[in-house]
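I opened this notebook to keep track of what I looked up in one structure, entry by entry. What I wanted was a record of a pocket, a helix and some charged pairs.

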Amino acid sequence: MAHGTASSMARAERFTRSIPALIAADTPTFSFEFFPPKDDAAGAQLWDAIRRLEKVSPSFVSITYGAGGGTRDRTVRLTQRVLEETSLTPMAHLTCVGHSVTELRGIVGSYAAAGVRNILALRGDPQGGLGEPWVAHPEGLDHADELVRLVRGLGDFTVGVAAFPDGHPESGDVAEDAETLVRKERAGAEFAITQMVFDVDHYLRLRDELTRRGSALPVVPAIMPITNARQVVRMAQLAGQPMPSAVTDRLERHGDDADGVRAEGMAIASEASRRLLDEGAPGIHFITMNRSSAALEVFHNL
């Protein structure tokens, strides 16, 4: 009975644990990002990673939301399972892509019913992919700040948003990116998590631009350790920006030496993470690709 009571109390605490409060604390947060698995084999790999990462007691974890809402149900189920079966505090991603306002309300209601109180509100990429024009659902929302306002109006949620240190693909300059973040903050966003950071100076430039505008929005940088050469191309595609030559030059020195590329990738991620923390970043958000080894290696290096 005592064990059951303690377990229930721990779960109740995570229901109400606020990610903004964790980020605002004096010590940096360390968090990890997962995506819903496509099949049983991928699910087994994911849960192995979750259990290994759970041992280092991360501040929180996040679960992504597929383009066009393709993983909606799996995202909700995975977020709920993480909350119910682990000691982790989950944050669920939510995008505007392909959804009416009525559908978005229903999804937020599903999170609420599962006990999830932390949501990352994103406009999302165009359904046709990066480079294609953005088209909102005819009964949906057009911008992330509208989604922030919707979620905040539906209950006691904390809401985070995305930030783009290298520039959003549809943005003209860093001033425009900062102004977009300020609008999200005014709508009720309490923190931001960046796209993958490979140039620390770009993160600092965006943060300083926010400060100049009087913003108090904490911005957590995301780091994705490179473990193989193919990832370089893939990450550039995901970010919608070319990889910095300072990164690609270091990796290319190792040619076809897979172990050398991986070691260099770990060094790059560790160095960037250390500098970000030294420069006052409130934490590091590791993009895991549903594997634990690389993220844990960088975490332990810190």
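The entries below follow the order in which I looked things up.

**Entry 1: status of the model.** I note at the outset that this is a predicted model, and I read every value below as computed from it.

**Entry 2: the second largest pocket.** I looked up the second largest pocket and found a volume of about 330 Å³. I then went through its lining, which consists of 16 residues, with Thr 227, Gln 231, Thr 288, Met 289 and Arg 291 lying nearest the centre. Two elements, helix 9 (229-239) and helix 12 (293-301), give two or more residues each to this lining, and helix 12 supplies the largest share with 3 residues. Sorting the lining of the second largest pocket by class, I wrote down 6 nonpolar, 7 polar and 3 charged residues.

**Entry 3: helix 5.** Next I turned to helix 5, which covers residues 101-114, and for its 14 residues I noted a reach of 20 Å from the first C-alpha to the last, close to the 20 Å expected at 1.5 Å a residue. Which residues of helix 5 are buried? I listed Leu 104, Ile 107, Val 108, Tyr 111 and Ala 114. These buried residues lie on the same side of helix 5 because they cover an arc of only 120° around the axis. I reminded myself that an α-helix has 3.6 residues a turn, so residues three or four places apart point the same way. On the face of helix 5 turned away from the buried side I found the exposed residues Thr 102 and Ala 113. Just after helix 5, I recorded a positive phi of about 95° for Gly 115.

**Entry 4: salt bridges.** I counted charged pairs with a cut-off of 4 Å between side-chain nitrogen and carboxyl oxygen, and the count came to 13 salt bridges.

The pair I took up to begin with was Asp 201 and Arg 275, whose side chains meet at 2.7 Å, N to O. Asp 201 belongs to helix 8 (residues 200-212) and Arg 275 to helix 11 (residues 258-278), so this salt bridge ties together parts that are 74 residues apart in sequence. For Asp 201 I noted a relative accessible area of 43%, which makes the residue partly exposed, and Arg 275 is likewise partly exposed at 34%.

I then looked at Glu 209 and Arg 212, a salt bridge in which the closest N and O atoms are 2.7 Å apart. The two residues are separated by about one helical turn, because they sit 3 residues apart in helix 8. Is each partner buried or exposed? Glu 209 counts as buried at 13% relative accessibility, whereas Arg 212 is exposed with a relative accessible area of 60%.

Glu 271 and Arg 250 also meet in a salt bridge, at 2.8 Å, N to O. Here the pair links distant parts of the chain, with Glu 271 in helix 11 and Arg 250 in helix 10 (residues 245-252), 21 residues apart. Glu 271 is partly exposed, at 39% relative accessibility.

I also noted that salt bridges with shared partners join Glu 179, Arg 186, Glu 209, Arg 212 and Arg 213 into one network.

**Entry 5: Arg 51.** Finally I located Arg 51 in helix 3 (residues 40-54) and noted that this residue counts as partly exposed at 35% relative accessibility. How far apart are Arg 51 and Ser 292 in sequence and in space? I recorded a separation of 241 residues in sequence and 9.0 Å in space, C-alpha to C-alpha.

Note on methods
Residues numbered from 1 in each chain as written. Predicted model: local features only at pLDDT ≥ 70, side-chain atom pairs only at ≥ 80, totals over all residues. Heavy atoms only, no water. 1 Å grid on protein atoms, 1.4 Å probe; cavity = no way out; pocket = protein on both sides within 12 Å on 5 of 7 lines; lining within 4 Å. Points joined across faces, edges and corners; volume = space filled by probe spheres on them. Helix = DSSP H or I, 4+ residues; strand = E, 2+ residues; numbered from the N terminus. Nonpolar A, V, L, I, M, F, W, Y, C, P; charged D, E, K, R; others polar. Expected span 1.5 Å × (residues − 1). Buried < 20%, exposed > 50% of the residue type's maximum accessible area, 1.4 Å probe, protein only. Arc of directions from axis to C-beta.
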